[in-house]
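Biologist: I am new to this structure. Please take one part and go through it closely with me.

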Amino acid sequence: MPPSAKSPSNIEVVSSMLKTFKPAHKLNAHLNTAVTKVITPVVLLVGLLVLAFFNFQGVLTTTTAQTDLYKGQKAFSAGPLQVTFQTLAGTDRPALSYDNLMFLSYVDWSSTISVDGHVQNLWDNYHGYDWDRKNPNANQFFATSTGTGWQLIEVVTLLNSHTVTVHYDVVARTQNGAYPRHLTLSIEHLHRTLYLPTIRGNTLVADVLPKLQQNVNSGSTPKSAGTLTFMVSGPNLADEPISLDAVRSDAGPDGTVRALADSFTTTYTLDNPQVNRLTPLGTETISFAPDAGPGTPVAAPVATPTAIGL
Amino acid sequence: MKHKARPQLRAQVRSRLQPPARVQPQSRPRTQPRPLLSLVVPTRHERDNIAALSARVARALGPLHYELLFVDDSDDDTPVAIRREMASDPCVRLYHRRPEERADGLAGAVVAGLRRASGSYIAVLDADLQHPPELLPDLLAAADDADIVVASRYLPGGGSDGLDGPMRRLVSRGSAFAAHSLFARTRRCTDPMSGFFLVRRSVIEGIPLRPVGFKILLEILVRGRWSRLTELPFHFEAREAGESKATIEQGLAYLRHLRTLRLRGPHGHGAVRYRAPRPAPGPDDPQPLDDDLPDDPEIAGKRRRHLLWTVGLLALALRLVLLPIGHWWDLTVDYNVFVDLIHNRSPYDTMTYLSHVARAAGWDFNYEYYAYPPVPLYIYWPLAKLYGLLHPNATYFIPVSGTYAMPSLGLDFFFLFKLPIWIADFLLAALLARMSGTVRGFRDYLLNPYVLLVSAAWTFDAVMVLGLVLGVYYLQRGKPVQSGLALAFGTMAKFFPALVVPTLLLFLIKRKRPLREMVAFGAAYAVGCAVLLGPFLQGLLYVVGFHGGRVGGGMNWEMLWRLGTFFPGGLDLDPTSLAIGAFGTPTLLIALLLAYWYVFTNREMGLNRMVLVTLLAFLAGSKLVNEQYALIVFPFAYLEARRLRGAWRWLFRLLWIVPFAFAIVRVPIDRFLWLFYHVLMGTRADWIAVSGKTGLEWPIFPWFNPVEQQVLIAILGVGFFALCMVAIVWPVRVPRPLRRYRLPMPSVLPRVPAVAAAAAPAAHIPEVADATEREVALQH
């Protein structure tokens, strides 16, 4: 054997193998193997874990949300404007506050629904609630009152830092084969003191006083917290949809008569409603503009919002 | 009979050309009365290319009997160069046109050459060597199954670098587009402007060709007597010598040519069958996607066209008769969506709103509203606007339960709503005819009772199925981008096509297709979905959540428990059923993952079966299977029944008969006829709206007795689940003993081995000895 013909070392063998190495398959063949042996089992396993996680988390979320719901109160806020909804009481359904000053409260205790002449208090019925848990920015709250032959749906929406809408739908239901012919809904709105309230058509405008009506002294000039603009619109308004409940006449500092009130009512009527169908009654749009103090920006004019309801 | 002899041509060409070797011109046999192939080469001032062309042709065609016919319009010494070649190569011939004969230009020269060519096949190529003569054997071999073989610059693997600059490429593309627009017969040809092609003699024999300018192939495609077209890719090379003759005048001549072709006959007619080139794959090459694709269906002939028209008109008439029927809840929702669209309101917002109301009011956990992706919104937007013009006071009709919009809807709403569904139905039928290779696919889809019921009574399932089938169709034909886009369209119409996206990717992996195809498919799908999703992502997520939270039911395994309650001593397992329903999504995902695993590891499965198994796995594993869901498997089960025949035909039939029966028993079917009641018996319609009963619940119908109805529903539901399972595990191929062969009959069609055919002695014919004689003979 000549000296040059000695057997190559292992390192030489390996290095020559590496030099001449060519993959036996193309990339897609490797991909094939990877999908068969790695990706599919991994996807199967990970998928199961993800599913288990999300499934049980979803169940937990629902439970938590339902627990929260029956704590009795739900609130939204946008800037200084806050909307609170009490689920365990017949008042503040909803209550509207501006900079911690409550300027309007919807009162179910004093609100009624009349079905074919039979008047019922709204609070003395079954109630249900919901809101958008996945989208807290929706600022929307849904409440229902269900009585014999009717169901009232109230949707409260906080639109922006100055405006709230409350929309009413009604569903007429059959009772023993008969269904309602005439529905009248009266919603009571309560506040501390409305100063110089004026109603023009479907709009009420008044100054809101921070003190109670009885604390307003005759002849004095009360300090207004802001201006309330209340507008009602919809397909089933009564002839006079807004009415002041108790107006007190008082003498102003210049001796002229001035009006003060602490509640008003909106009224909707519906004849021959179609049964089991969501029928819109109307929408109440509440805007509050605080009195401008030094350095306080004047609130932008509030555009009439479109009806949230259908 | 000529068709049966064709395979020998391929063998003859291939065997004679192997091994490739330079053959002395003098040694070529000229022993047949007519050359197999005539090459028509128009020349004008191409003297520098003649020798090279002749040599390359000789090298390419080797011992094949051919003639190389130069039709020369030159004023220089090109004829001298050709005659020089004639002296050394007996295959070369010359037809030199006098100046007064050249008024018809290049195309006229080619026509003159075609008239004088004597070969059974005639190829045309340029003398400037931009058309590689080495492709001629492939063109000739491809003519086995074709009347015209076009060397295309625009097929994958081809190229048009020989065109001088982007402007000429643009002009070439534009010219092709104009031809495609004006002449349907040219549309399958990717390069009707090609100057390099091969035709059978019979294609042009007796056809008056009157080309203007230089686009002779277009003339042949439009006027020729042909039905089968094949293309091969080729690289349009740069000129070796000489100058291009493309000018603005030639462009104007082309426009004149188009006008003449359009206005003056004769025009060829009949079906066009296109066969894409199919090169033999190497061991490492990706496997072809379209192995078992049938040819497009023959629709040539008056009888077949009459059949198509009859089926189409009958299908349309049936749909018109069924116009005023529909599923009450779906139509109520669809009507409200129309109102949404009229007011430019998102139906997803409406659904969210109504769901909150429903939860607060205790109607349901979710209000079942528009729970689909957004493509139907795009489709219905203009139609809803039109409806809004017709009905300016259209308002919402939001039912709580037991009352529906349907009786108060007019026929115009039904027509506008069903129009896209009908269009999708017809497109699907045409697609199914193509995929099955028979016009019966058209008939069997359009006139199927189940399809008619789904199209008439439910929503836009046909639109979704169209996207699904189109995606599979494109992928089978090797078009991953179009496939991804079609599937995205289907997915964004209803979610189901998303199920087969992994299947199609697995199919590409199984076939070892290039990675770029998978990326192209996935990217096209993702981009398509994203674009169509547009501003509706939030709404779509809400809809997905809605589907996840729905209770189960329908034609699925949950019926097992319901069935158990009807037998003596049977357990009431509703809680179990509910528990399974709660885990419906994990169950479905596991079923799908197993299906993906199965279709990927089963090497015998073709694309159609893979898709079918995936969809069947969905139907078997889903917690909710409505009657109309079975439409997604209809086309694929039909194709499988065409392929496997035998018992699969019955599987296919059962796959639509069981859902059809389920719909009839569960609904019950007569409640689809509310509008009829509304038109004919107004009081009954009102009663239906309130009570949900038609008043026609006669004892003869099974739904008169709720128990019997429930038992029937449960049996059909379990039956459909079992059917899906059987179809999933059914053998991919027919067991060998059961397969019916049509054996070749040796006495009628003896097979001649290719080698033997090549070696067989040919008949001797006298050789034209003198070059001058060859030229003079052509002059006359």
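Between which two strands of chain A is the loop that holds A:Asp116? Please start there, then move on to where chain B touches chain A.

Modeller: A word on the source before the details: this is a predicted model. A:Asp116 sits in the loop between strand E4 (101–115) and strand E5 (118–121) of chain A. Look at its backbone. Phi of A:Asp116 is positive, about 50 degrees, although the residue is not a glycine. Now look at its surroundings. A:Asp116 has 12 C-beta neighbours inside 10 Å, and a residue with 12 or fewer is exposed, so A:Asp116 counts as exposed.

A:Asn139 makes a useful companion. Its phi is near 50 degrees, a positive value in a residue other than glycine. A:Asn139 belongs to the loop between strand E6 (126–131) and strand E7 (140–147) of chain A. The count around A:Asn139 is 18 C-beta neighbours inside 10 Å. Buried needs 20 or more, and exposed needs 12 or fewer, so A:Asn139 counts as partly exposed.

Another loop of chain A has a backbone feature of its own. A:Pro94 lies between strand E2 (81–86) and strand E3 (95–98) of chain A. The peptide bond that joins A:Arg93 and A:Pro94 is cis, with omega about 5 degrees.

Now to the contact between the chains. On the side of chain B, 30 residues are in contact with 32 residues of chain A. Three elements of chain B each supply at least two of the residues on this side: helix H12 (347–361), strand E9 (398–399) and helix H24 (584–601). The largest share comes from H24(B), with eight residues. By type, the side of chain B that touches chain A divides into 18 nonpolar, eight polar and four charged residues.

Follow E9(B) across to chain A. Strand E16 (residues 277–290) of chain A pairs with E9(B). The pairing is antiparallel and runs over two bridges. To find it on screen, pick A:Leu278; its bridge partner in E9(B) is B:Ile398.

Last, step back to chain B as a whole. Its secondary structure comes to 32 helices and 11 strands. The chain has 780 residues, and 45% of them count as buried. Take the contacts in chain B with a separation of 6 or more: residues 24 or more positions apart account for 79% of them.

Definitions and conventions:
Residues numbered from 1 in each chain as written. Chains lettered and ligands numbered in written order. Predicted model: local features only at pLDDT ≥ 70, side-chain atom pairs only at ≥ 80, totals over all residues. Contact = placed C-beta atoms within 7 Å. Helix = DSSP H or I, 4+ residues; strand = E, 2+ residues; numbered from the N terminus. Nonpolar A, V, L, I, M, F, W, Y, C, P; charged D, E, K, R; others polar. Pairing = 2+ DSSP bridges.
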